[in-house]
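Dear colleague,

I am handing over the structure that we spoke about, and it is placed just below. Please look through it first, and then read the notes that come after it.

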Amino acid sequence: MDLDTTPCTPDDLSVLDRLRTPAWIVDLPQAARWWCNRAGLALWNSSSLAEWIGRNAKHPASAATLTRMENLRRLFARGEVTTERWTFYPDGAAPVVAECRASGILIAERRGEPGRLAMLVEARPLGADEVHPAERRGYEALRHIGELVSYYAATGEALLRNPAAIRALGDPVAAGEARDQLLAGFADPAQVAEIRVCVAADSVYRADALVRTTAGDCWYDTEARAVLDPVTGQPGVLVTQRDIADRRAHVEELERSRELLSAQAEELRNLAAPVIRVGQGVLALPLIGKLDRERIQVALAALLERTVAERVSRVVLDLTGAADIDDSAADGLLRILRVLRLQGVAPVLSGIHPRLVHAILAAGLDLGDAPCFQTLEDALRAG
């Protein structure tokens with residue numbers, strides 16, 4: 001049905017005060033109260049039109065309401081009419097549930113002014129036996145919940161989205177929306193295929209999904225299940241989604257920190273066993289701090305890398321800065337000596353201070369015929 005192109009002014013609407021049906025007009029898209037008949041003022045428990053309009057400042061529209069008004073504005077601009085059950089909260093009175101017929105109407109403050117699109121609401125309050133309390137509470141929870149809740153037909157057409165889903169995914173009835181909106185809402189079509197397989201098997205699909213939103217692709221914890229449409233009885237898909245961008249960013253930051261720490265640890269291990277060329281065919285390996293199995297393994301790997309790639313005849317293992325040595329490190333040190341000999345490289349030890357001597361003896365370490373010197377300088381001079 002097409003809109004009447006002649007704007008209505010408050011004076012034109014005075015005749016509607018005679019109706020027993022509550023009726024009022026909301027100025028779109030701010031969702032501002034603009035006009036109400038006497039029956040409507042009674043429903044809203046308001047003493048006058050001025051008092052009712054004054055509630056615009058007292059009760060500003062919520063984000064969910066503004067989203068809903070924008071969706072209705074699109075419908076009205078196409079000449080469509082909608083009938084829904086709404087819950088109202090009059091000041092100082094009990095909530096009222098009404099079946100509301102909402103349609104578009106052009107309004108102006110005075111005759112001759114250009115009109116603007118508004119919403120005309122005609123309400124029929126429902127009796128207590130016409131609506132269940134749980135249904136009313138469930139609808140309000142759906143309107144204000146932060147998670148995205150969408151209901152799709154088997155074809156993928158979006159039959160319902162709560163305000164949070166409309167803000168994130170778009171209005172399902174907006175012009176240009178894809179017919180298979182379930183498929184269009186995911187970056188990976190394979191995930192939609194998995195959802196449909198799970199739904200067909202009457203199982204629940206759960207996964208992190210990259211979702212195409214009005215703000216770009218974002219990660220959501222997604223759950224989908226088969227639910228029959230209470231209007232048509234046909235099978236559909238109920239999808240609930242929770243924004244996990246912060247969680248994923250935190251996990252990625254932890255992973256980057258872990259990789260950085262791992263790289264720093266590797267760098268420190270390499271610094272703890274630096275292989276230094278001190279002459280032609282001669283390498284020196286200072287071992288500093290406590291000698292354990294991991295440190296010895298790093299030292300051996302560093303030595304093998306150099307002795308394989310270069311012509312090396314002699315390696316000086318300098319223990320001047322070494323502290324205690326445990327049994328596994330003692331076995332590792334012997335292994336270094338054996339490996340060097342098998343490569344034809346002469347191992348030499350230097351800097352074995354008295355405390356380390358006691359540790360070597362306590363560990364039962366037999367250095368064999370490896371030459372030992374008091375200092376690194378002595379070992380290099382002897383070579």
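What follows is a short account of what was found in the model.

This is a predicted model, in which local features need pLDDT of at least 70 and side-chain atom pairs count only at pLDDT 80 or more, while totals for chains, interfaces and linings use all residues. Residues are numbered from 1 along each chain as its sequence is written, and side-chain values use heavy atoms, with hydrogens and water left out.

Helices and strands here are DSSP runs numbered from the N terminus (H or I over at least four residues for helices, E over at least two for strands). Helix α3, residues 63–77, has 15 residues and reaches 21 Å from its first C-alpha to its last, close to the 21 Å expected at 1.5 Å a residue; the expected span is 1.5 Å times one less than the number of residues. Its buried residues are A64, T67, M69, N71, L72, L75 and F76, where buried means under 20% relative accessible area, exposed over 50%, and partly exposed in between, with a 1.4 Å probe and protein chains only. These buried residues of α3 pack against β1, β3, β4, β5, α4 and α5, contact meaning heavy atoms within 4.5 Å. Just after α3, G79 takes a positive phi of about 80°.

Strand β3, residues 82–88, holds T87, which is buried at a relative accessible area of 15%. Leaving aside residues up to four places away in sequence, T87 touches P95, V96, V97 and E140.

Two residues other than glycine also have a positive phi, namely A31 at about 60° and D202 near 60°. A31 lies in the loop between β1 and β2 and counts as buried at 16% relative accessibility, whereas D202, in the loop between α7 and β8, is exposed at 64%.

Further along the chain, helices α9 (residues 293–309) and α10 (residues 327–342) pack at an angle of about 10°, with their axes 8 Å apart. The two helices are therefore roughly parallel to each other, a term that covers angles under 35 degrees. Among the residues that meet are I296, L300 and L303 in α9 and L333, I336 and V339 in α10. By class, this contact has ten nonpolar, four polar and two charged residues, with Ala, Val, Leu, Ile, Met, Phe, Trp, Tyr, Cys and Pro counted as nonpolar, Asp, Glu, Lys and Arg as charged, and the others, Gly among them, as polar.

With best regards

How values were computed
Axes are lines fitted to C-alpha atoms, for helices over the stretch in contact, and angles run from 0 to 180 degrees between N-to-C directions. Angles under 35 degrees count as roughly parallel, over 145 as roughly antiparallel, 65 to 115 as roughly perpendicular and the rest as oblique.
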